[in-house]
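Trainee: I have just opened this model and would like to understand one part of it properly. Please pick a single element, walk me through what surrounds it, and then place it in the whole.

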Amino acid sequence: MFRVKSSFKKELEINAPLEKARDFFADLHNLADMLWGVEGIHREPGLARWTIATDTAVGRIRFSFPVRETSPNRNTIEWSPAFNETQNLLRYALKFSNSKDTTRVDISQQVELRRKRAWDLHPGVALMSEARLNSALQRRINAAIEDFLVRAKEKLEKN
């Protein structure tokens, strides 16, 4: 089995009320508009399909991640892989807490691409090792999410 994985975790403090921060992050349009690499998020019955693309050393690659909302309570936003999804796995979770006018957001994201062979992921990937791909994916995702969080914080604190 050929696997490419990435994970991201961060705590962020925003000078904005919890409800405002939660509503901002719950709006999938904000992710699609402000998180580079996300080409679109389309809702379907019972799930959302996140289409993510990036340029790599072997060319542009695009993946579709079918996810379902699994938020356990009002102060958590969580998307998990759709039932029966075995290849493009995405888990995205945000937990919110507050004190006065400051909201703390705990962010975590895991991505895993599974294929029988590297070739099945992309023909050019067969020329690269799993370790090299994992490292490149980790850097790209971290940079994209860090940029998104800076812009989200600025927007929430400005309004």
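Mentor: Happy to. One term is needed before we start: a helix here is a DSSP run of H or I that is at least four residues long, a strand is a run of E of at least two, and both are numbered from the N terminus. Keep in mind as well that this is a predicted model. The element I would pick is helix 4, which covers residues 130-158.

Let us begin with a pair inside the helix. D147 and R151 both belong to helix 4 and sit four residues apart, which is about one turn of the helix. Their side chains meet in a salt bridge, with N to O at 3.1 Å. As background, side chains of opposite charge can pair when their charged atoms come close. Is each partner buried or exposed? Neither label fits, because a residue between the 20% and 50% limits counts as partly exposed. D147 has a relative accessibility of 28% and is therefore partly exposed, and R151, at 32%, is partly exposed too.

Now move one residue along from D147, to F148. At 3% relative accessibility, F148 counts as buried. Its ring has company, and this is where aromatic pairs come in: the structure holds five of them. In one, the ring centres of F25 and F148 are 5.9 Å apart and the planes stand at 80°, so this pair is edge-to-face. The reasoning step is the cut-off on the angle, since planes over 60 degrees apart count as edge-to-face. F25 belongs to helix 1 (residues 18-26) and F148 to helix 4, so their contact ties together parts that are 123 residues apart in sequence. Like its partner, F25 is buried, with a relative accessible area of 2%. The two rings also belong to a wider group: ring pairs link F24, F25, F96 and F148 into a cluster.

A polar residue meets helix 4 as well. Q109 sits in strand 7 (residues 102-115) and, at 7% relative accessibility, is buried. Setting aside residues up to four places away in sequence, Q109 touches S6, S7, F8, L90, R91, Y92, I141 and I145. Of these, I141 and I145 fall within the residue range of helix 4.

A further approach comes from strand 3 (residues 47-56), which holds T54. T54 is buried, with a relative accessible area of 18%. Apart from neighbours within four places in sequence, T54 is in contact with G59, R60, I61 and R140; R140 falls in the range of helix 4. For a backbone view, take T54 and L137: they are 83 residues apart in sequence, with their C-alpha atoms 9.3 Å apart in space.

Helix 1, the partner through F25, has a charged link of its own. E19 and R74 form a salt bridge, with the closest N and O atoms 2.8 Å apart. R74 lies in the loop between strand 4 (59-69) and strand 5 (76-81), while E19 is in helix 1, so this bridge ties together parts that are 55 residues apart in sequence. R74 is partly exposed at 46% relative accessibility, and E19 is partly exposed at 37%. Across the whole structure, a search finds 13 salt bridges. Among them is one between D106 and R104, at 3.1 Å from N to O, and R3, E112 and R114 are linked in a network of such bridges.

Finally, the setting. The chain has four helices and seven strands, and along the sequence they follow the pattern β-α-α-β-β-β-β-β-β-α-α. Helix 4 is therefore the final element in that pattern, given that helices are numbered from the N terminus. Of the contacts with a separation of 6 or more, 57% are between residues 24 or more positions apart. Buried residues make up 43% of the 159 residues. For a compact globule with that many residues, a radius of gyration near 15 Å would be expected, and the chain's 16 Å agrees with this. The C-alpha trace spans about 50 × 30 × 20 Å along its principal axes.

Methods:
Residues are numbered from 1 along each chain as its sequence is written. This is a predicted model: local features need pLDDT of at least 70, side-chain atom pairs count only at pLDDT 80 or more; totals for chains, interfaces and linings use all residues. Side-chain values use heavy atoms; hydrogens and water are left out. Rings of Phe, Tyr and Trp (its six-membered ring) pair if their centres lie within 6.5 Å; planes under 30 degrees apart count as stacked, over 60 as edge-to-face and the rest as tilted. Buried means under 20% relative accessible area, exposed over 50%, partly exposed in between (1.4 Å probe, protein chains only). Contact means heavy atoms within 4.5 Å. A salt bridge is a side-chain nitrogen of Lys or Arg within 4 Å of a carboxyl oxygen of Asp or Glu. The radius of gyration is taken over C-alpha atoms; the globule rule is 2.2 Å times the number of residues to the power 0.38.
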